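Here's a quick tour for anyone meeting this structure for the first time. Have a look at the sequence and the fold, then read on.

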Amino acid sequence: FRIGIVLSKDDGFFGNIALPFKLGLGGVIGSGSQAFSWIHIDDMVGLIEHALVNNHVTGVLNAVAPEATTYREFVKTVGRVTCRPTMFWVPEFVIRGLLHREHADMLLNVPTIVPKRTVESGYGFRYGDIGSAVEELVQ
């Protein structure tokens with residue numbers, strides 16, 4: 001598997017950003033136009049199960065949702081679902097000044113990942129769009 005950012009309620013990326021968003025301090029990092037390749041935890045588990053029980057599934061699968069999203073779209077969606085403002089912005093130069101180069105690049109220079117083989121294998125995503133995923137996560 002090539003795994004995107006796994007979104008779950010309590011841990012990882014979403015768990016770490018949930019509090020700032022709840023406090024109205026959420027916002028865009030860098031330009032916001034960078035790709036945000038993500039997968040809901042339930043789909044990650046479902047995809048693993050799908051690959052294990054279906055003999056026709058071979059090779060590398062991209063474990064990311066089928067709907068392409070940018071970081072800005074993700075931030076706006078979290079703000080809309082939580083009814084919180086997302087007006088803050090952290091410029092790229094601040095990220096580059098605070099983080100090691102590799103970590104900054106992981107946030108700012110993200111390629112768009114497409115789950116072509118995953119979809120072709122017959123896996124049906126439960127959370128294929130960022131809106132439904134975020135709505136489930138903030139319940």
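## Ground rules

The expected span of a helix is 1.5 Å times one less than its number of residues. Helices (H or I, at least four residues) and strands (E, at least two) are DSSP runs, numbered from the N terminus.

This is a predicted model, where local features need pLDDT of at least 70 and side-chain atom pairs count only at pLDDT 80 or more, while totals for chains, interfaces and linings use all residues. Residues are numbered from 1 along each chain as its sequence is written, and side-chain values use heavy atoms, with hydrogens and water left out.

## Helix 3

Let's try that span rule on helix 3, residues 71-82: its 12 residues should span 16 Å, and the end C-alpha atoms are indeed 16 Å apart. Right after helix 3 comes Cys 83, with a positive phi near 55°.

Some of helix 3 is buried (under 20% relative accessible area with a 1.4 Å probe, protein chains only; exposed is over 50%, partly exposed in between). Its buried residues are Tyr 71, Phe 74, Val 75, Thr 77, Val 78, Gly 79, Val 81 and Thr 82. They pack against strand 2 (5-7), helix 1 (12-22), strand 3 (27-29) and helix 7 (130-137), with contact meaning heavy atoms within 4.5 Å.

## Helix 7

Helix 7 is mostly covered, with 6 of its 8 residues buried. Those are Ile 130, Gly 131, Ala 133, Val 134, Glu 136 and Leu 137. The cover over them includes strand 2, helix 1, strand 4 (38-40) and helix 3.

## Aromatic rings

Rings of Phe, Tyr and Trp (its six-membered ring) pair if their centres lie within 6.5 Å; planes under 30 degrees apart are stacked, over 60 edge-to-face, and the rest tilted. There are 6 aromatic pairs here. One of them joins Tyr 123 and Phe 125 edge-to-face, 5.0 Å centre to centre with 85° between the planes. Tyr 123 counts as buried because its relative accessibility is 13%, and Phe 125 is buried too, at 17%.

Two helix 3 residues turn up again in this section: Tyr 71 and Phe 74. Together with Phe 13 and Phe 36, Tyr 71 and Phe 74 form one aromatic cluster.

## Lining of the main pocket

Which residues lie nearest the centre of the largest pocket? Among its 17 lining residues, they are Ile 5, Phe 13, Met 106, Leu 107 and Val 110. A pocket is an open set of points on a 1 Å grid over the protein atoms alone, where a 1.4 Å probe fits, with protein on both sides within 12 Å along at least five of seven lines; lining residues have an atom within 4 Å of a point. Helix 5 gives the most to this lining, with 3 residues.
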